[in-house]
Amino acid sequence: MTDTTTTEEYPREPTDPIEATPGSSKPDPILRVDGMVRQFGGLKAVDVDHLEIQRHWITALIGPNGAGKTTFFNLLTGFDTPNAGTVVFDGDTLPKRVSPNQLARDGMVRTFQLTKSLTRLPVIENMKLGVKEQLGEHFLPALFKPAWASQEASIEERADKLLARFKMDHMRDEFAGTLSGGQRKLLEMARSLMTDPRLVMLDEPMAGVNPALTQSLLGHVVGLRDLGMTVIFVEHDMDVVHEIADWVVVMAEGQIIAEGTPDAISKNAKVIDAYLGAHHDDTDDDTELPADDGGHL
Ligand SMILES: Nc1ncnc2c1ncn2[C@@H]1O[C@H](COP(=O)(O)OP(=O)(O)OP(=O)(O)O)[C@@H](O)[C@H]1O
Ligand SMILES: [Mg+2]
C-alpha cells in the first residue's frame with residue numbers, strides 16, 4: 001500500500017491528446033461510468049451516458065445549481081442507488097448497490113457539501129472514528145496490520161501525521177465544534193485520507209471557507225494529486241477551477257454537456273448557454289464565463 005505521508009510527482013500532461021467531447025476516452029481511467037440514471041419522480045436528476053476520469057488528475061465537476069452534481073457524487077460513492085448504470089472503479093465493476101464503507105475499503109472516499117464532523121468530539125477522535133467506521137474493526141487495512149497488537153496506537157499515529165500535514169496538529173484535542181468552517185473542511189479532508197484512498201471526491205471543498213484559508217485548502221487538494229491520488233471536486237468558482245483543475249467536466253440538467261481543459265471550457269458556447277440560459281450568440285467567440293464576482297458562477 002502506498003504511504004500517503006510522502007510526496008511523489010505524477011505526470012499531469014497526457015501522453016496522447018484527449019478529445020474534449022462529453023464522454024471522451026482517457027488514456028488511463030480510474031473511473032468509468034456508463035448509462036447512469038437517477039430519477040426523482042418525473043425529474044432525471046442524473047443521466048450520464050459515458051464518463052471516464054483520468055487517474056492522477058484533478059477533475060473539476062462544474063454546472064449550474066441543480067445540475068445533478070451532488071446526486072452524481074451520491075450515486076458514485078454509495079450514498080444513493082441509481083435506477084440504471086454501471087461503474088467500473090480501477091478495473092472492477094461495482095455492484096449496483098454498494099455501501100460507502102465498502103467503497104472506502106476499496107479506495108474511494110468523498111467529502112460533503114455540508115461538512116459532517118462530529119462537533120462534540122475532539123479533532124483526533126473525529127480522525128480515528130473515520131477509519132474505524134469506514135473500515136470496520138475486521139477490515140483495518142494492511143497499513144495497520146504490522147502493529148496489529150497496538151492497532152489503536154497505529155491509527156492514532158496516522159491521524160497525528162495527517163493532522164500535521166494539514167497543519168491542524170495544534171487543534172488535535174479541541175472539540176470539532178470550536179473549529180471554523182474552513183478548518184472543518186480541512187478536518188473532513190484529512191479524515192477522508194485515513195483509509196488511504198486512491199480516489200478522493202470533494203463536494204464544494206471551498207464553500208463557506210474564509211478567503212484566508214482558501215489558498216491553503218487549494219494547496220492541500222493539489223497535494224493529494226502529488227501523493228498519487230485522483231481527485232474529483234465540485235466547484236462553482238471558475239478562478240479556483242483554473243488554478244488547480246487539470247480537466248473540467250460540465251453537467252447541466254443531469255447530463256454531461258462538455259469536457260475539456262479549464263481554458264477551453266470557459267470559452268465553450270454550450271457551457272456559457274447552460275449558465276446564462278439560451279441567450280448567448282454563438283458567433284461571439286470572445287465570450288467567456290463571467291469572471292467578475294470573483295469568478296463565482
Ligand atoms: N432526494 C431528492 N429528491 C427529489 N429531488 C432531488 C433529490 N435530490 C436532488 N434532487 C433534485 O435533483 C436535481 C439535482 O440536484 P443536485 O443537488 O444533485 O444538484 P447540484 O448540481 O449538486 O446543485 P448545487 O450546485 O446547488 O449543489 C435538483 O433538481 C434537485 O432538486
Ligand atoms: Mg450540490
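Colleague: I'm new here, so let's start with Glu156: is it buried, exposed or partly exposed?

Modeller: Keep in mind that this is a predicted model. The relative accessibility of Glu156 comes out at 27%. Buried needs under 20% and exposed needs over 50%, so Glu156 counts as partly exposed.

Colleague: Which residue does Glu156 meet in a salt bridge at 2.8 Å?

Modeller: The partner has a relative accessible area of 5%, so it is a buried residue. The two side chains meet N to O at 2.8 Å, and the one facing Glu156 belongs to Lys128.

Colleague: How many residues apart in sequence are the parts that Lys128 and Glu156 tie together?

Modeller: The two side chains form a salt bridge. Lys128 belongs to helix H3 (residues 123-135) and Glu156 to helix H4 (residues 151-165), so the parts tied together are separated in sequence by 28 residues.

Colleague: Which residues are linked with Lys128 and Glu156 in a network of salt bridges?

Modeller: The structure holds 14 salt bridges, and Lys128 with Glu156 is one of these pairs. The network that includes this pair also takes in Glu125, Asp160, Arg172 and Asp173.

Colleague: Let's move to Arg225. Where is Asp246, the residue it forms a salt bridge with?

Modeller: The closest N and O atoms of Arg225 and Asp246 are 3.0 Å apart. This pair links distant parts of the chain, 21 residues apart, with Arg225 in helix H6 (residues 211-226) and Asp246 in the loop between helix H7 (238-244) and strand E9 (247-252).

Colleague: Arg225 also forms a salt bridge with Asp226; how far apart are their closest N and O atoms?

Modeller: Arg225 is buried at 3% relative accessibility, and Asp226 is buried as well, at 16%. Asp246, the other partner, is also buried, with 12%. A salt bridge has to fall within 4 Å, and for Arg225 and Asp226 the closest N and O atoms are at 3.8 Å.

Colleague: On to the ligand. Which residues come nearest to ligand 1?

Modeller: There are 14 residues around ligand 1. By type, this shell splits into five nonpolar, seven polar and two charged residues. The nearest ones are Asn65, Gly66, Lys69, Thr70 and Thr71.

Colleague: Which element gives the largest share of that shell?

Modeller: Strand E2 (43-54) and helix H1 (69-76) each supply at least two residues of the shell. The largest share is three residues, and these come from H1.

Colleague: How much of the accessible area of ligand 1 does the protein cover?

Modeller: Polar atoms of several side chains sit by oxygen atoms of the ligand: Lys69 at 2.7 Å, Thr71 at 2.5 Å and His236 at 3.0 Å. On its own, ligand 1 has 640 Å² of accessible area, and the part covered by the protein is 60%.

Colleague: Back to H1: which of its residues are buried?

Modeller: H1 is mostly covered, with seven of its eight residues buried. After the helix comes Gly78, with a positive phi near 85°. The buried ones are Lys69, Thr71, Phe72, Phe73, Asn74, Leu75 and Leu76.

Colleague: What is the nearest side chain of opposite charge to Glu52?

Modeller: Glu52 sits in strand E2, where it is buried and has no salt bridge. A polar atom of its side chain does lie 2.7 Å from the backbone nitrogen of Lys26, and a 2.9 Å polar contact joins its side chain to that of His50. A salt bridge needs a distance within 4 Å, and the nearest oppositely charged side chain is 4.1 Å away: Arg32.

Colleague: Last one, about Lys167 and its positive phi. Where does Lys167 sit, and is it buried or exposed?

Modeller: Lys167 isn't a glycine, yet its phi is about 50°. Its place is in the loop between H4 and helix H5 (181-192). At 63% relative accessibility it passes the 50% cut-off, so Lys167 counts as exposed.

Colleague: And Glu253: what is its phi?

Modeller: Glu253 is found in the loop between E9 and strand E10 (255-260), and at 71% relative accessibility it counts as exposed. Glu253 is not a glycine either, but its phi is positive, at about 45°.

Terms used
Residues numbered from 1 in each chain as written. Chains lettered and ligands numbered in written order. Predicted model: local features only at pLDDT ≥ 70, side-chain atom pairs only at ≥ 80, totals over all residues. Heavy atoms only, no water. Near = heavy atom within 4 Å. Polar contact = N/O pair within 3.5 Å; in protein donor to acceptor, adjacent residues only side chain to side chain. Areas by Shrake-Rupley, 256 points an atom, 1.4 Å probe, with all protein chains shown as cover. Helix = DSSP H or I, 4+ residues; strand = E, 2+ residues; numbered from the N terminus. Nonpolar A, V, L, I, M, F, W, Y, C, P; charged D, E, K, R; others polar. Buried < 20%, exposed > 50% of the residue type's maximum accessible area, 1.4 Å probe, protein only. Lys, Arg positive; Asp, Glu negative; His and termini not counted.
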